[in-house]
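Biologist: I have not looked at this one before. Can you walk me through it?

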Amino acid sequence: MKRTLLVVGSVNVDAVSGVDRFPAPGETVLASSYRQGLGGKGANQAVAAALDGARVELVARTGDDAGGAAVRTELAGWGVDVTDVAAVPGVPTGIAQILVDARGENMIAVSSGANDALDAAAVDALADRLGPGTTVLSQGEVPVEVLDRLAEVCRDRGARFVLNLAPPRDVAPRTLRTADPLVVNEHEARTLGLDGADPEDWRLACAAAAGRLAEAVVVTLGARGAVAATCTSSAYVAAPVVDAVDATGAGDAFVGVLASRLAVGVDLGGAVQSAVAAASQAVTRHGTVESYPRR
């Protein structure tokens, strides 16, 4: 039976240009391709979870422009409940400008737009829907006040709080400690004081941080897979070798599937295995949500 995953996050329009190589500072390069579509970590992770079989409700903000209308329609088409995706008058929908090089690596700059209109009052309106057995997922693309309040409400209501702190934000220490798990990549982990040179280093770093920095910790390692730790166990999950063509959105595929599996009671190690598999499939196809696997 499906259980609801509540995603409180960002919605953007992605503007993606394909280039042979990334430009140096001050340099202009010609793009070989261009496409525009649904993006934002909240939206991407909600779609990944829905495709994995979760019943997903998204709480987010768009502008009252054409981009906002388009992304709300697309989200609904992917099976995400958009009842709480509201349009904010006079504010543009968030946009992500993305470069993807010939190796499938990416560089991303995000203009938050309407995502910054999400506030603590929106979290308070959700409180009655949270309780033991509820899983809530959020990311660093929403205001810090939203993350801090969401963690507080989850603690008070007994809900599980999954936090993908990407990009890194200066949230309250108690917000981090509530995260079960905290999910970050290597760069984001280093901003929190964690470090490693290889998967074993990262596994040990996560094991030391679990129960101290956060309830549980997951660090994604790109093509090498991911490591995860709770207070009682830790593990490294290697990624399969694949022909990567576009890494855009692969991290969101990982987090969405991770949260989807946790929402139905899969343990952290098993959820990470499924998430690594999903992200590894996503990089073999172009696009973000278009590349995500179905369960």
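Modeller: The chat below goes through the sheet, one helix, one serine and some salt bridges, and the model is a predicted one.

Biologist: Start with the sheet. Which strands form it, and in what order?

Modeller: Nine strands form an open sheet, in the order β5-β4-β1-β8-β9-β10-β11-β12-β13. The pairing is mixed.

Biologist: Which strands are at the edges?

Modeller: β5, residues 81-88, and β13 are the edge strands. Each of them pairs on one side only.

Biologist: By how many degrees are neighbouring strands turned against each other?

Modeller: On average by 15 degrees, with direction ignored.

Biologist: What about β8 and β9, parallel or antiparallel?

Modeller: Parallel: β8 (residues 135-139) and β9 (residues 160-164) are joined by five bridges. Leu137 has Val162 in β9 opposite it.

Biologist: Which helices pack on the sheet?

Modeller: Helix α7, residues 199-209, packs on the sheet and touches β11 (217-220), β12 and β13. The direction of α7 makes about 25 degrees with that of β12. Helix α9, residues 268-282, also packs on the sheet, touching β11, β12 and β13. For α9 the angle with the direction of β12 is about 165 degrees.

Biologist: And how do β12 and β13 pair?

Modeller: β12 (residues 225-229) and β13 (residues 234-238) are antiparallel, with five bridges. They form a hairpin with four residues between the strands. Gly225 has Ala238 in β13 as its bridge partner.

Biologist: Then β6 and β7, what joins them?

Modeller: Six bridges join β6 (residues 94-100) to β7 (residues 106-111), and the two run antiparallel. Ile98 is opposite Ile108 in β7. This hairpin has five residues between its strands, and Gly104 has a positive phi near 90 degrees there.

Biologist: Back to α7. Which of its residues are buried?

Modeller: Pro199, Trp202, Ala205, Cys206 and Ala209 are buried in α7. These residues are on the same side of α7, because they cover an arc of only 120 degrees around the axis.

Biologist: Why would that spacing put residues on one side?

Modeller: An α-helix has 3.6 residues a turn, so residues three or four places apart point the same way.

Biologist: What do the buried residues of α7 pack against?

Modeller: They pack against α6 (186-191), β11, β12 and β13.

Biologist: What follows α7?

Modeller: Gly211 follows α7, and its phi is positive, near 85 degrees.

Biologist: Any salt bridge in α7? Which residues does Arg203 pair with?

Modeller: Arg203 forms a salt bridge with Glu200, and their closest N and O atoms are 2.7 Å apart. The two are three residues apart in helix α7, so about one helical turn separates them. Glu200 is partly exposed, with a relative accessible area of 38%.

Biologist: Change of topic: Ser138. Where is it, and is it buried or exposed?

Modeller: Ser138 is in strand β8. Ser138 counts as buried because its relative accessibility is 0%.

Biologist: What does the side chain of Ser138 reach?

Modeller: The Ser138 side chain reaches the backbone oxygen of Val8 at 2.6 Å. Leaving out residues up to four places away in sequence, Ser138 touches Val8, Leu147, Leu150, Phe161, Val162, Leu163 and Asn164.

Biologist: Now the whole model. How many salt bridges are there?

Modeller: The count comes to 14 salt bridges.

Biologist: Which one links distant parts of the chain?

Modeller: One of them is between Lys41 and Asp252, whose closest N and O atoms are 3.5 Å apart. Lys41 is in helix α1 (residues 41-51) and Asp252 in helix α8 (residues 250-263), 211 residues apart. Asp252 counts as buried, because its relative accessibility is 5%.

Biologist: What about Arg129, which residue does it meet in a salt bridge?

Modeller: Arg129 and Asp84 meet through their side chains in a salt bridge, 3.0 Å from N to O. Arg129 lies in the loop between α3 (120-124) and β8, and Asp84 lies in strand β5, so the pair ties together parts that are 45 residues apart in sequence.

Biologist: Are those two buried or partly exposed?

Modeller: Arg129 is partly exposed, at 36% relative accessible area. Asp84 is partly exposed too, at 26%.

Biologist: Which residues are in one network with that pair?

Modeller: Glu57, Asp84 and Arg129 are joined into one network by salt bridges that share partners.

Notes: Residues numbered from 1 in each chain as written. Predicted model: local features only at pLDDT ≥ 70, side-chain atom pairs only at ≥ 80, totals over all residues. Heavy atoms only, no water. Pairing = 2+ DSSP bridges. Axes fitted to C-alpha atoms, helices over the stretch in contact; angles between N-to-C directions. Contact = heavy atoms within 4.5 Å. Buried < 20%, exposed > 50% of the residue type's maximum accessible area, 1.4 Å probe, protein only. Arc of directions from axis to C-beta. Polar contact = N/O pair within 3.5 Å; in protein donor to acceptor, adjacent residues only side chain to side chain. Salt bridge = Lys/Arg side-chain N within 4 Å of Asp/Glu carboxyl O.
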